[in-house]
Amino acid sequence: MSTPLIPQVEELILTSYESMYRLAYSYVKNEEDAMDIVQESAYKAIKSASTLRNPEHLKTWLWRIVINTSIDFIRTRQEEFTGDLPIEPSTEDRYPDFDTIEALNILNDRERAVVILRFFEDKKIRDVAKIMGQSPNTIKSILYRSLKKLKIKLSEGELLYER
């Protein structure tokens with residue numbers, strides 16, 4: 001059974017592929033896994049296009065699918081890798097990485113998604129709110145709290161670097 005939204009969903013997937021990939025990659029930090037997530041998200045979007053009630057929310061609906069698929073992937077991986085794993089010593093020198101991307105790891109999934117959508121994908125607060133299913137004020141609070149955490153984390157790195 002074909003739905004009139006499927007061509008719109010397919011077009012949006014094609015035009016948003018790179019953004020979808022960047023969003024997925026920000027969660028899993030692995031190229032292959034991010035590509036798998038984008039493919040799975042595209043499949044889910046096309047498969048459930050008929051369930052979308054309001055076509056003007058198509059873009060935010062697709063972003064939400066990518067976020068949920070990324071989070072599901074991480075949860076599945078965590079379940080697979082629970083237990084004692086041997087830690088292999090590194091033979092290469094490691095220096096602390098104070099890059100903003102690395103600092104995002106201190107944020108929880110919701111905080112990371114808000115920061116990524118707002119600053120990396122250049123979404124407006126109201127668009128982030130639609131994607132996340134929250135009010136704009138809630139998103140502003142999450143964003144403020146997240147930026148405060150990032151500032152503290154990044155300033156700790158600067159203090160360590162200066163010593």
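Start by selecting residues 6–28, helix α1, together with residues 31–47, helix α2, in this predicted model. The axes of α1 and α2 come within 8 Å and cross at roughly 150°. Because angles over 145 degrees count as roughly antiparallel, α1 is roughly antiparallel to α2. If you turn the view, you can also check the handedness: α1 and α2 make a right-handed crossing.

Now show the side chains where these two helices meet. On the α1 side, pick Ile6, Val9, Glu10, Ile13, Tyr17, Met20, Tyr21, Ala24, Tyr25 and Val28. Their partners in α2 are Glu31, Asp33, Ala34, Met35, Ile37, Val38, Ser41, Ala42, Ala45 and Ile46. Try colouring them by class: the contact of α1 with α2 has 16 nonpolar residues, one polar and three charged.

Stay on α1 and select Ser26, which lies in this helix. Is Ser26 buried or exposed? Its relative accessibility is 12%, and since buried means under 20%, Ser26 counts as buried. Next, add Leu23 to the view: a polar atom of the Ser26 side chain lies 2.6 Å from the backbone oxygen of Leu23. Which residues does Ser26 touch, leaving aside those up to four places away in sequence? Select Arg112 and Ile116 to see them.

That brings us to another helix pair. Select α5, residues 109–120, and α6, residues 125–132. Their axes come within 10 Å and cross at roughly 140°, so α5 is oblique to α6. The crossing of α5 and α6 is right-handed. To see the contact itself, show Arg110, Ala113, Val114, Leu117 and Arg118 from α5, then Ile125, Val128, Ile131 and Met132 from α6. What classes of residue make up the contact of α5 with α6? Seven are nonpolar and two are charged, with no polar residues.

For the last stop, leave the helices and select Pro55, in the loop between α2 and α3, the helix at 58–80. Pro55 has 41% relative accessibility, so this residue counts as partly exposed. Now select Gln8 as well and draw a line between the two C-alpha atoms. Although Pro55 and Gln8 are 47 residues apart in sequence, your line should span 9.0 Å.

Terms used. Residues numbered from 1 in each chain as written. Predicted model: local features only at pLDDT ≥ 70, side-chain atom pairs only at ≥ 80, totals over all residues. Heavy atoms only, no water. Axes fitted to C-alpha atoms, helices over the stretch in contact; angles between N-to-C directions. Helix = DSSP H or I, 4+ residues; strand = E, 2+ residues; numbered from the N terminus. Parallel < 35°, antiparallel > 145°, perpendicular 65-115°, else oblique. Left-handed = near helix turned anticlockwise from the far one by under 90°. Contact = heavy atoms within 4.5 Å. Nonpolar A, V, L, I, M, F, W, Y, C, P; charged D, E, K, R; others polar. Buried < 20%, exposed > 50% of the residue type's maximum accessible area, 1.4 Å probe, protein only. Polar contact = N/O pair within 3.5 Å; in protein donor to acceptor, adjacent residues only side chain to side chain.
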